[in-house]
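Hi,

Here is the structure I promised to pass on. Have a look at it first, and then read on for my notes.

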Amino acid sequence: MQTLFESPLRAISSKNYPFSKSDSYYKAYTLRNFKSIPQIQKLTAAQIEAIEVVGRIFPFKTNNYVVDELIDWQRVPDDPVFILNFPQKGMLKPHQYEKMAQLLKTGACKKEIDHTAMEIRWKLNPHPAGQGLNIPIYNGIKLRGSQHKYKETILFFPSQGQTCHAFCTFCFRWPQFAGMNDIKFAMQETNLLIEYIRHHPEITDLIFTGGDPLVMKTRVFAKYIDPLLKANIRHLKTIRIGTKALSYWPNRFVTDDDSEELLDLFNKITRSGKHLAIMGHFNHPREMAPEIVKEAIQRIRETGAEIRTQSPLLNHINNQPELWGKMWQAQVELGCIPYYMFVVRDTGAQHFFGVTLDEAWNIFRKAYQKVSGLARTVRGPSMSAYPGKIQVAGVSEIQDEKVFVLQFLQGRNPDWVGRPFFAKHDRSAKWLTDLQPAFNQERFFFEAD
Ligand SMILES: *Cc1c(COP(=O)(O)O)cnc(C)c1O
Ligand code: SF4
């Protein structure tokens with residue numbers, strides 16, 4: 001067996017210092033222009049068809065950095081980063097795939113294609129785990145661009161941050177990007193948010209999320225941050241920014257026209273006495289390999305911000321313990337703090353990317369056993385389910401019954417957190433809703449009322 005540290009993180013190309021502004025030429029590829037990517041010539045006609053068919057249902061976007069620096073084209077179509085961005089045939093059920101493929105082959109009109117795409121999307125459980133619930137209300141006004149589910153944290157979806165530098169094929173927010181507008185969050189106004197937080201002293205953390213809030217130009221992002229700092233709300237201790245820019249566009253922090261201003265803004269936050277946590281999304285150790293990522297991490301940390309990392313566990317992309325061990329260890333080496341390993345949610349292509357809870361626990365445990373204590377800040381595997389974030393703490397046998405040991409890491413009711421509870425072991429279960437309470441109980445304790 002290969003040990004963890006034998007193989008260094010492998011960068012695909014060797015772009016190195018000094019990074020120049022000319023590296024900051026960002027080009028997006030979508031269904032419209034992906035065939036102009038030179039490396040696409042390596043794909044077979046069937047592989048290209050799969051992109052065109054599945055790309056009608058799920059959002060598809062990649063960019064020149066991902067194509068040139070992250071994807072290992074020698075390994076395509078099995079390359080994990082390729083699978084991370086390019087729509088995969090298996091993401092649709094065979095009959096769904098055939099239906100769309102047939103429409104495209106017979107030259108159906110756009111209206112018919114869009115109609116069928118929408119029909120298939122509605123079959124793919126587009127709003128899981130009560131998303132769209134927990135919308136806070138202030139003075140009778142709904143704060144449509146936010147979500148307040150756990151007592152101490154509020155999520156905020158700035159309206160100009162509702163896209164990403166590239167789209168992850170597995171993303172549970174795919175309906176937002178696929179134009180299913182009625183469940184899209186958006187909010188222009190920070191004032192309402194500020195007033196809401198001011199009147200909720202239990203809120204300590206504000207999380208900017210999206211999409212990716214760092215697709216915003218710095219001057220746009222500053223319009224959210226500056227009033228917030230000016231409001232000087234004592235009980236708000238932490239600002240978090242959920243982003244995948246370190247992976248999909250690290251130039252954001254190094255060579256973009258407004259990189260310096262962004263770092264200055266980070267510094268302004270930490271100088272104001274608030275904790276700034278960049279919640280970096282990494283799915284594969286290769287995303288950490290390019291020199292420019294290391295440079296970006298360094299620059300962010302120099303502002304006084306911390307970087308915490310999270311990722312779902314994904315079939316076809318990262319379902320190996322060695323890979324997770326390597327990723328966490330590399331993160332610690334670069335000064336990042338491993339935070340969450342998630343279980344793929346029950347939406348979209350869960351049948352393709354999902355891993356059973358049994359397998360998830362095994363992968364987590366094997367990876368966790370291999371890394372130093374400093375990387376064991378990570379928690380998981382965790383399901384962001386309707387009642388809360390539930391960790392699969394293990395599999396055990398109690399009174400001759402094989403069970404999953406579970407616990408809340410976050411709960412709708414804070415009192416649920418940290419209480420172990422038990423479900424019947426089920427080898428094929430992939431989500432909380434697949435589980436039954438153990439010991440012939442009728443319901444789980446949190447379902448009591
Ligand atoms: C995960 C999550 C949070 C943050 O929870 P932490 O455990 O503090 O990281 C907040 N709101 C929602 C809806 C979440 O899913
Ligand atoms: S970067 Fe985040 S929000 Fe954007 S597609 Fe990927 S997982 Fe979804």
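Is R286 buried or exposed? With a relative accessible area of 6%, R286 is buried. Please keep in mind that this is a predicted model.

I started with R286 because of its partner, so let me take the charged pairs first; 15 salt bridges turn up in a search of the whole structure. R286 pairs with D79, and their closest N and O atoms are 2.8 Å apart. D79 sits in the loop between α2 (64-70) and α3 (80-85), while R286 belongs to the loop between β9 (275-281) and α11 (291-302), so this salt bridge ties together parts that are 207 residues apart in sequence. D79 is buried as well, at 0% relative accessibility.

The loop between β9 and α11 also holds E287. Its side chain meets that of K244 in a salt bridge, at 2.7 Å from N to O. K244 lies in the loop between β8 (238-243) and α9, so the two residues tie together parts that are 43 residues apart in sequence. Both K244 and E287 are buried.

Next comes a small group around R252. A network of salt bridges links R252, D256 and D258. Within this group, the side chains of D256 and R252 meet at 3.9 Å, N to O. R252 counts as buried because its relative accessible area is 3%, under the 20% limit. D256 is buried too, at 12% relative accessibility.

D257 gives another picture: at 68% relative accessibility, this residue counts as exposed. D257 is found in the loop between α9 (245-248) and α10 (259-271). On the surface, D257 gathers with E260, E261 and D264 in a patch of negative charge.

Now for the overall fold. The protein chain has 14 helices and 15 strands. Its radius of gyration is 22 Å, close to the 22 Å that the globule rule gives for 449 residues, so the chain is as compact as a globular protein of that length. Along the principal axes, the C-alpha atoms fill a box of roughly 55 × 55 × 50 Å. Of the 449 residues, 58% are buried.

Last, a word on Y29, which is part of strand β1 (residues 28-29). Y29 is buried, with 10% relative accessible area. From Y29 to F444 the distance is 46 Å, C-alpha to C-alpha, and the two are 415 residues apart in sequence.

Best wishes

Notes:
Residues numbered from 1 in each chain as written. Chains lettered and ligands numbered in written order. Predicted model: local features only at pLDDT ≥ 70, side-chain atom pairs only at ≥ 80, totals over all residues. Heavy atoms only, no water. Patch = residues over 30% accessible without salt bridge, like charges linked within 9 Å, V, L, I, M, F, W, Y side chains within 5 Å. Areas by Shrake-Rupley, 256 points an atom, 1.4 Å probe, with all protein chains shown as cover. Salt bridge = Lys/Arg side-chain N within 4 Å of Asp/Glu carboxyl O. Lys, Arg positive; Asp, Glu negative; His and termini not counted. Charge placed at Lys NZ, Arg CZ, Asp CG, Glu CD. Helix = DSSP H or I, 4+ residues; strand = E, 2+ residues; numbered from the N terminus. Buried < 20%, exposed > 50% of the residue type's maximum accessible area, 1.4 Å probe, protein only. Rg over C-alpha atoms; globule rule 2.2 N^0.38 Å.
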